[in-house]
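Let's take a walk through this one together. Have the sequence and the 3D view open, and we'll go from the overall layout to a few individual residues.

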Amino acid sequence: MLLPIHFGNDGSWLGQSFGFFFTGYEGLASHGGTLGLMIALWLYVRKTKLSIWMVLDNIAIATGITACFIRLGNLMNSEIIGKVTDVPWAFIFERVDAVPRHPGQLYEAIAYAILFIIMWTIYKNNQKPTAKSQQLKVGSGWYFGFCLTYIFTFRFFIEYTKEIQEAFEASLPLDMGQILSIPFVVLGITCMIRAKAK
């Protein structure tokens with residue numbers, strides 16, 4: 001996943017026409033997207049001189065609905081399929097096979113829509129002049145921390161319903177999605193503790 005090229009069947013990485021099969025960095029999915037977003041926001045903050053916590057909190061409030069639509073797109077494209085199951089709400093992904101599977105993308109879409117509702121409700125309640133929870137003001141870092149903690153905790157557990165995406169994951173105690181989720185959960189909890197302490 002860290003190598004931006006594909007190896008050919010003969011072990012070479014040279015392609016037929018243009019020198020090599022350049023793929024970019026694959027396999028990072030939402031974890032890589034989150035990391036990329038955080039770097040882009042840091043660069044934006046450096047340029048505009050805005051508060052990093054204000055920018056991160058504002059982005060976090062809208063992240064749930066964005067992630068919901070991304071996962072609905074994954075569902076429509078038969079991407080990130082679930083494990084075989086006999087639950088009554090199982091989906092058959094005809095592009096993949098004719099076996100009923102967990103709709104993990106739908107589980108995530110619902111969870112992220114709920115996250116958006118929670119975040120929006122907390123945000124609106126804390127905009128009132130009588131709001132007592134000063135640590136929940138935008139710019140404290142609490143929204144960003146809550147967003148990371150919620151999304152990647154859910155991602156950690158939802159991975160149990162998904163098929164592994166790379167063969168090497170079969171020998172790991174946790175799959176790559178779970179391993180990559182742990183640092184984001186730790187970062188999220190740290191941001192929430194920091195916001196509350198301030």
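## A tour of the fold

A search of the whole structure turns up zero disulfides. Two cysteines are worth a look anyway: Cys68 is buried at 8% relative accessibility, and Cys147 is buried too, at 5%. Keep in mind throughout that this is a predicted model.

Now for the general layout. The protein chain has five helices and four strands. If you read along the sequence, they come in the order β-β-α-α-β-β-α-α-α. Of the 198 residues in the protein chain, 36% are buried. About 12000 Å² of the protein chain is exposed, and carbon and sulfur atoms supply 68% of that area. As for how the chain folds back on itself, take the contacts between residues at least 6 apart in sequence: 56% of them join residues at least 24 apart.

What holds the middle of the picture? Let's turn to the nonpolar core.

The largest nonpolar core has 30 residues, and the members that touch the most other members are Met119, Trp142, Tyr143 and Phe144. Helices α1 (29-48), α2, α3 (104-125), α4 and α5 (176-197) each supply at least two residues of this core. Which helix gives the largest share of this core? That is α4, with eight residues.

Aromatic residues deserve a stop of their own. The whole structure contains eleven aromatic pairs. One of them joins Phe146 and Tyr150, whose ring centres sit 6.0 Å apart with the planes at 45°, so this pair is tilted. Why are Phe146 and Tyr150 separated by about one helical turn? Because they are four residues apart in helix α4 (residues 142-158). Phe146 itself is buried, at 17% relative accessibility.

Compare that geometry with another aromatic pair, Phe156 and Tyr160, which is edge-to-face: the centres are 6.2 Å apart and the angle between the planes is 85°. Is each partner buried or partly exposed? Phe156 counts as buried, with 17% relative accessibility, while Tyr160 is partly exposed at 47%.

Back to Phe146 and Tyr150 for a moment, since they also belong to a bigger group: together with Phe116, Trp120, Tyr123, Trp142 and Tyr143, they form one aromatic cluster. Two names here should ring a bell, as Trp142 and Tyr143 were also listed among the core members that touch the most others.

Next, a couple of threonines. Thr66 is found in helix α2 (residues 52-76). With a relative accessible area of 43%, Thr66 is partly exposed. If you'd like a landmark from elsewhere in the sequence, try Ala113: it is 47 residues from Thr66 along the chain, yet the two C-alpha atoms are 8.7 Å apart in space.

Thr85 belongs to the loop between α2 and β3 (91-92). Despite that loop position, Thr85 is buried, with a relative accessible area of 13%; the cut-off for buried is under 20%. What does Thr85 touch, leaving out residues up to four places away in sequence? The list is Ala90, Pro100, Arg101 and His102. Closer along the chain, the side chain of Thr85 reaches the backbone nitrogen of Val87 at 3.2 Å.

Finally, have a look at two backbone oddities. Lys49 is not a glycine, but its phi is positive, near 65°. Lys49 lies in the loop between α1 and α2, and at 69% relative accessibility it counts as exposed. Ser78, also not a glycine, has a positive phi of about 55°. Ser78 sits in the loop between α2 and β3, and at 16% relative accessibility Ser78 is buried. So here are two loop residues with positive phi: Lys49 is exposed, whereas Ser78 is buried.

Key. Residues are numbered from 1 along each chain as its sequence is written. This is a predicted model: local features need pLDDT of at least 70, side-chain atom pairs count only at pLDDT 80 or more; totals for chains, interfaces and linings use all residues. Side-chain values use heavy atoms; hydrogens and water are left out. Buried means under 20% relative accessible area, exposed over 50%, partly exposed in between (1.4 Å probe, protein chains only). Contact means heavy atoms within 4.5 Å. Accessible areas come from the Shrake-Rupley method with a 1.4 Å probe; for residues, only the protein chains shown count as cover. A polar contact is a pair of N or O atoms within 3.5 Å; within protein, one must be able to donate a hydrogen and the other to accept it, and residues adjacent in sequence count only if both atoms are side-chain atoms. A disulfide is a pair of cysteine sulfur atoms within 2.5 Å. Rings of Phe, Tyr and Trp (its six-membered ring) pair if their centres lie within 6.5 Å; planes under 30 degrees apart count as stacked, over 60 as edge-to-face and the rest as tilted. A nonpolar core is a set of buried Ala, Val, Leu, Ile, Met, Phe, Trp, Tyr and Cys residues joined through side-chain atoms within 4.5 Å.
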